[in-house]
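This briefing is meant to be read beside the coordinates and takes up a metal site, a helix pair and two individual residues in turn. Please keep the sequence numbering at hand while reading.

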Amino acid sequence: MKIEILPSLLAADVGNLESAARRAEAAGADALHLDIMDGRFVPNISFGPDVVRMARRCVKIPLSVHLMLERPDEYVPTFLDAGADSLLIHIEAECDVPNTLEHICELGGYAGITLNPETPAEMIFPVLDFVDEVLCMTVHPGYGGQEMIMSVLPKIRAVRERARLIKRPDLKILVDGGVDSDTVVHCAGHGANAFVAGSALYGATDMAQEIRLMRQKAMESFLG
Ligand code: DX5
Ligand code: ZN
């Protein structure tokens with residue numbers, strides 16, 4: 001199974017986002033994760049499309065754009081035009097979710113569905129045919145630096161089991177929130193293969209070494 005490590009730009013120094021994006025690429029990140037927040041779906045407000053455009057200019061690795069928006073459907077072309085490779089929308093969003101996922105694919109993007117910690121796995125089963133990836137939030141979205149909510153782990157396994165049942169054993173399952181070189185072991189053990197990490201990577205003295213460590217531990221513990 002391909003293991004991916006995605007630094008989250010939210011944890012970078014906001015005054016140096018260009019160098020932070022380049023730092024992730026130089027450290028061996030598989031993709032860069034950008035958190036877009038509207039102050040309504042989540043209490044916080046973060047980046048807009050200009051930051052995605054900046055990242056697109058600075059790095060060649062894919063851009064994973066996490067839309068924490070009440071109405072992600074209204075912004076699909078905006079973020080794809082800005083250079084996003086994958087758009088992750090929430091199943092809890094106030095829009096026609098299957099339609100929005102289809103729209104992302106039609107415009108050439110990879111479509112991802114995201115679940116908040118309390119949302120049961122079954123909620124996304126009807127849209128699995130429309131998605132390239134699934135993101136399980138392991139904190140309440142809105143802020144970096146929170147502790148992982150371990151009770152989410154069985155849900156990751158439920159999504160992996162469902163993926164196998166529908167003959168998509170290689171479905172990309174990401175986790176986001178409180179991921180570090182210790183918690184990565186539990187997430188991979190439950191079937192996640194892609195890991196978003198903000199504070200653990202941008203707070204590391206040697207990001208490359210931290211990415212290698214997380215990748216190694218995830219590989220060793222994947223569904224083990
Ligand atoms: C939280 C964001 C995360 C955040 C993770 O709403 O979706 O991507 O950056 O930060 P850490 O890894 O610090 O928990
Ligand atoms: Zn995120």
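Along the chain, the donors of the zinc ion (ligand 2) follow the spacing H-x1-D-x30-H-x109-D, in what is a predicted model. Of these donors, His33 belongs to strand β2 (residues 32-37) and Asp176 to strand β7 (residues 172-176), so the pair ties together parts that are 143 residues apart in sequence. The points below set out the geometry of this site and then turn to other parts of the chain.

**Zinc site**

- The protein donors of the zinc ion (ligand 2) are His33 through NE2, Asp35 through OD, His66 through ND1 and Asp176 through OD, and they lie 2.0 to 2.3 Å from the ion.
- The site of the zinc ion (ligand 2) has 6 donor atoms, and with angles of 69 to 167 degrees among them it is octahedral.
- His33 is buried, its relative accessible area being 0%, and Asp176 also counts as buried, at 9% relative accessibility.

**Helices α1 and α2**

- Helix α1 (residues 17-26) packs with helix α2 (residues 49-58) at an angle of about 50 degrees, and their axes are 9 Å apart, which means that α1 is oblique to α2.
- The crossing in which α1 passes α2 is right-handed.
- On the side of α1 the contact is made by Leu17, Glu18, Ala21, Arg22 and Glu25, while α2 contributes Val51, Met54, Arg57 and Cys58.

**Ala158 in helix α5**

- Ala158 is located in helix α5 (residues 153-165), where a relative accessible area of 24% makes this residue partly exposed, because the buried class is reserved for values under 20%.
- When neighbours within four places in sequence are left aside, Ala158 is in contact with Ala121 and Phe125.
- Ala158 and Gly191 are 33 residues apart in sequence, and the distance between them in space, taken from C-alpha to C-alpha, is 8.8 Å.

**Glu133 in strand β6**

- Glu133 is found in strand β6 (residues 133-137) and, at 4% relative accessibility, counts as buried.
- Not counting residues up to four places away in sequence, Glu133 touches Ser86, Leu88, Tyr110, Ala111, Gly112 and Ile113, together with Leu171, Lys172 and Leu174.
- One of the residues touched by Glu133 is Lys172, and strand β7, the strand that holds the zinc donor Asp176, spans residues 172-176.

Technical notes
Residues numbered from 1 in each chain as written. Chains lettered and ligands numbered in written order. Predicted model: local features only at pLDDT ≥ 70, side-chain atom pairs only at ≥ 80, totals over all residues. Heavy atoms only, no water. Donors = N, O, S within 2.8 Å, 3.2 Å for Na, K, Ca; no water. Tetrahedral: all angles 85-135°; square planar, octahedral: opposite > 155°, others 65-115°. Helix = DSSP H or I, 4+ residues; strand = E, 2+ residues; numbered from the N terminus. Buried < 20%, exposed > 50% of the residue type's maximum accessible area, 1.4 Å probe, protein only. Axes fitted to C-alpha atoms, helices over the stretch in contact; angles between N-to-C directions. Parallel < 35°, antiparallel > 145°, perpendicular 65-115°, else oblique. Left-handed = near helix turned anticlockwise from the far one by under 90°. Contact = heavy atoms within 4.5 Å.
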